[in-house]
Amino acid sequence: MTPAGVSATAAPNEVSAEAGRRRTFAIIAHPDAGKTTLTEKLLLRGGAIQLAGAVRAKGNARRTRSDWMKIEQDRGISVATSVMTFERGGLIFNLLDTPGHEDFSEDTYRTLTAVDAAVMVLDAAKGIEAQTRKLFEVCRLRDIPIITFVNKMDREARDPFELIDEIEKTLALDAAPVAWPVGRASEFAGTWDMLARHFLPVDADDRSAITLSGPDDPKLAELVGAERAAALAEEVGLAEAACPEFDLEAFRQGTLTPVFFGSALRDFGIGHLLDGLARYAPPPQSRAADARPVEPGEPALTGFVFKVQANMDPNHRDRVAFVRLCSGRLVKGMRLKQVRTGKQVPVNAPLFFFAKDRQVAEEAWPGDVVGVANHGTLRIGDTLTEGEALNFRGVPSFAPEILRHVRLEDPMLAKKLKTALSQLAEEGVVQLFRPLDGSNPVVGVVGQLQLDVLQSRLKVEYGVPAGFDDTMWQMMRWVTPADPGSDRAALDRFATTNRRDAGEDHDGELVAFFGSDWRRKRAEEEWPMLRFHAVREQH
Ligand code: G4P
């Protein structure tokens, strides 16, 4: 599937070795827990120093860098997912950033389908918060292994036992402390490494761990004072007796999380966390597809699109599909098969993303994420292969919680609006539904901010001023036959009977709209031969 002169197929052992060097992960956190600060510090450790400013940039600096989207300028928030790559100790880390704002959780959920592990950042004073929990649930759906980083230990924090207990109780996840804080808040002196059994003083770099015979070594009292040393010895004794031990197998299966303590702001505990990621987080694994599972070491390339982004760069009005590679090697100039349509997609200039900067990739391996520029051919959920007909599973769409009719200010622009909405729906900015009774198109979003983004982009990028009118619906569900073989007729009957409260999504799938949860439940009772879904896998 490559043009003459472009040799794509690498030896299987080379693919396995390269895949084995990859750690592809995301950070999940409730807003304000410290995700941005941690990202910056991880990149600094990984040698990607020039990026630190880009991540952290606030105010004017951030605005300049993100000026590709007007809404970002207006709101001063970042709504784009980017991919950051850094190297450390011979490993390649791909950090898939996710928008922090909760309105964009759908994007975040999809990004989580493209990672092999996640770092869950908790604010030491707050523990598990609403958004942490939601994101965790998505990780659980996919059994993504999670490393916990309890951040802000330099400030007033909750008792570590209490935090560990909360993780176990609220997330039903075993929590194994691999570090233990020495002292609290302004007295925070560093951490005790529960596995290597050494002391890591705060304000020391990665390599200045102090080896001791145990937490009760008299040397520790000299270093941090008798009181803190005694407290540590007692707590470590208790933790060893009461908390689960770290178990790699249980972690990889998603049933246990190792817990690190540190302070992103003080740049403390980051090296320890990175060592944990390197050692415990899995490289790309076998991935489920409809035809068969795909192994990362297979020589033929496979990958899937988990995000589509338009107009990342105002100078290139193209669309970029973010492709997570699952097997094989990608080289410039390859032609790949888009399995959904059977079309050939040329990959002439695959892009690596360094924050908002683009860089052309010469080659990429399983675990890497590359951007493929296209004119709208590639959609979220698409599988790309060198020719094999298989589809990766699991890139989800979530039933939107806000449904609005689109109101066009100028009827002459109807055709333009249709194109714009269709493109923005393919990009995943909104979901688009065509009511069966022919009324105005309906857009569905998870949060209000998404509507603002839609309105702004319609106007700025497509020159279509539009507004939104309320609908009488509060929720929608995808409708499928309970038994695909025999109940097709029931689906058609449902569509005919409910023309005013039904529509089609962007892929022509039947959806039902409901004015209340009570009505949804009633429909479920009335139509036992149908299923009503809040989540749909793409393709
Ligand atoms: P987010 O991306 O998860 O939303 O969090 P972010 O990193 O932006 O951090 C939120 C706030 O918490 C920031 O303060 C940041 O400086 C602070 N912070 C992050 N890590 C630590 C830590 O380890 N210790 C302490 N004490 N604070 C931490 P801010 O005042 O909102 O922003 P800024 O003015 O400091 O940039």
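**Strands, a ligand shell and a helix**

Me: Asp-193 in E8 is the residue opposite Ala-179. What makes E7 and E8 a pair?

Reply: Happy to explain! This is a predicted model, in which local features need pLDDT of at least 70 and side-chain atom pairs count only at pLDDT 80 or more, while totals for chains, interfaces and linings use all residues. Residues are numbered from 1 along each chain as its sequence is written. Pairing requires at least two bridges found by DSSP; E7 and E8 (residues 190–193) have four, in the antiparallel sense, so they count as paired.

Me: Why are E7 and E10 called edge strands?

Reply: The open sheet runs E7-E8-E9-E10, with antiparallel pairing. Strand E7 (179–182) and strand E10 (210–211) each have a single partner strand, so one side of each lacks a neighbour in the sheet. E10 still qualifies as a strand, because a DSSP run of E needs at least two residues, and a helix at least four of H or I.

Me: How do you know which residues surround the ligand?

Reply: A residue is near if its C-beta atom, placed from the backbone, lies within 6 Å. That gives 17 residues, with Gly-34, Lys-35, Thr-36, Thr-37 and Leu-265 the closest. Helix H2 (residues 35–45) supplies the largest share, three residues.

Me: What makes H15 lie across E27?

Reply: Contact means C-beta atoms, placed from the backbone, within 7 Å. Helix H15 (residues 488–497) lies across E27, E28, E29 and E30, at about 145 degrees to E27. Angles between N-to-C directions run from 0 to 180 degrees, with axes fitted to C-alpha atoms, for helices over the stretch in contact.

Conventions:
Two residues are in contact if their C-beta atoms, placed from the backbone, lie within 7 Å.
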